[in-house]
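The following exercises practise the reading of a protein model, and each is followed by a worked solution. Please examine the sequence and the structure before beginning.

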Amino acid sequence: IGETRSVENDFFAWYVPNAEKITQGDFFGLKEYRYNPPGYAVVLALVGALTLDLFVAGKVISLLAAALALLTLYFLLQKIFPPDLACWAVLATAINPWFIHSSYYVGTDMLFMALSCLTLLALLSSRTWRYGSSVTLAGVLTGLTWLIRYNGLFLVPTGILAVYFLGGEIT
């Protein structure tokens with residue numbers, strides 16, 4: 001079903017039933033799923049309340065997250081590279097066939113990418129914001145990323161290394 005409908009196999013088996021339970025206020029009756037935490041089901045329920053269709057909500061989440069990922073990626077790369085190079089890198093990402101497919105694929109991929117990029121941007125924004133604020137924001141975003149996918153934990157050592165090696169100074 002995943003390749004023909006551009007949807008994760010787990011979408012109708014796990015995310016939709018849990019999103020429906022969430023919309024009914026049953027947070028403690030969620031089906032346990034050992035591969036992903038319940039964050040995506042919560043986001044799906046929230047967007048589904050607006051679209052009135054959870055499959056459409058999944059598409060909307062992926063498309064909006066793809067746009068957010070590209071925007072965040074530009075600002076992230078601009079902190080490291082010249083603006084024109086950052087723009088070219090974002091354009092290359094935007095026309096990448098795998099990125100395009102993931103942008104309308106119903107699943108956790110794009111939301112995970114957008115939150116990961118936001119987290120990294122927060123870590124590299126210590127010159128723009130108060131140092132403690134950017135690290136705190138990065139911590140909150142890491143937690144949200146982890147609620148979408150467990151492998152969001154990669155952001156914890158990344159954050160620790162960024163704070164240690166960068167010491168709050170980004171040029």
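A residue is called buried under 20% relative accessible area, exposed over 50%, and partly exposed in between (1.4 Å probe, protein chains only). The model is predicted, so local features need pLDDT of at least 70 and side-chain atom pairs count only at pLDDT 80 or more, while totals for chains, interfaces and linings use all residues. Residues are numbered from 1 along each chain as its sequence is written, and side-chain values use heavy atoms, with hydrogens and water left out.

**Exercise 1. Overall description**

Task: State which secondary structure the protein contains and what share of its residues is buried.

Solution. Step 1: Helices (H or I, at least four residues) and strands (E, at least two) are DSSP runs, numbered from the N terminus. Step 2: By this assignment the protein has 9 helices and 0 strands. Step 3: Of the 171 residues in the protein, 42% are buried.

**Exercise 2. Helix H2**

Task: Compare the expected span of helix H2 with the distance between its end C-alpha atoms, and describe its bend and its packing.

Solution. Step 1: The expected span of a helix is 1.5 Å times one less than its number of residues. Step 2: Helix H2 (residues 10–23) has 14 residues and should therefore span 20 Å; the end C-alpha atoms are 19 Å apart, which agrees. Step 3: A bend is the angle between axes fitted to the seven residues ending at a residue and the seven starting there. Helix H2 bends by about 25 degrees at Val 16, and Pro 17 follows within four residues. Step 4: The buried residues of H2, among them Phe 11, Trp 14 and Ile 22, pack against helix H3 (39–51) and helix H4 (54–78). Step 5: After H2 comes Gly 25, with a positive phi near 85 degrees.

**Exercise 3. The salt bridge**

Task: Identify the residues that form the salt bridge and explain why the pair links distant parts of the sequence.

Solution. Step 1: A salt bridge requires a side-chain nitrogen of Lys or Arg within 4 Å of a carboxyl oxygen of Asp or Glu. Step 2: This rule gives a count of 1 salt bridge. Step 3: The partners are Asp 109 and Arg 149, at 2.4 Å from N to O. Step 4: Asp 109 belongs to helix H7 (residues 109–123) and Arg 149 to the loop between H8 and helix H9 (155–166), so the pair ties together parts 40 residues apart in sequence. Step 5: Asp 109 is partly exposed, because its relative accessible area is 25%, whereas Arg 149 is buried, at 19%.

Key
Contact = heavy atoms within 4.5 Å.
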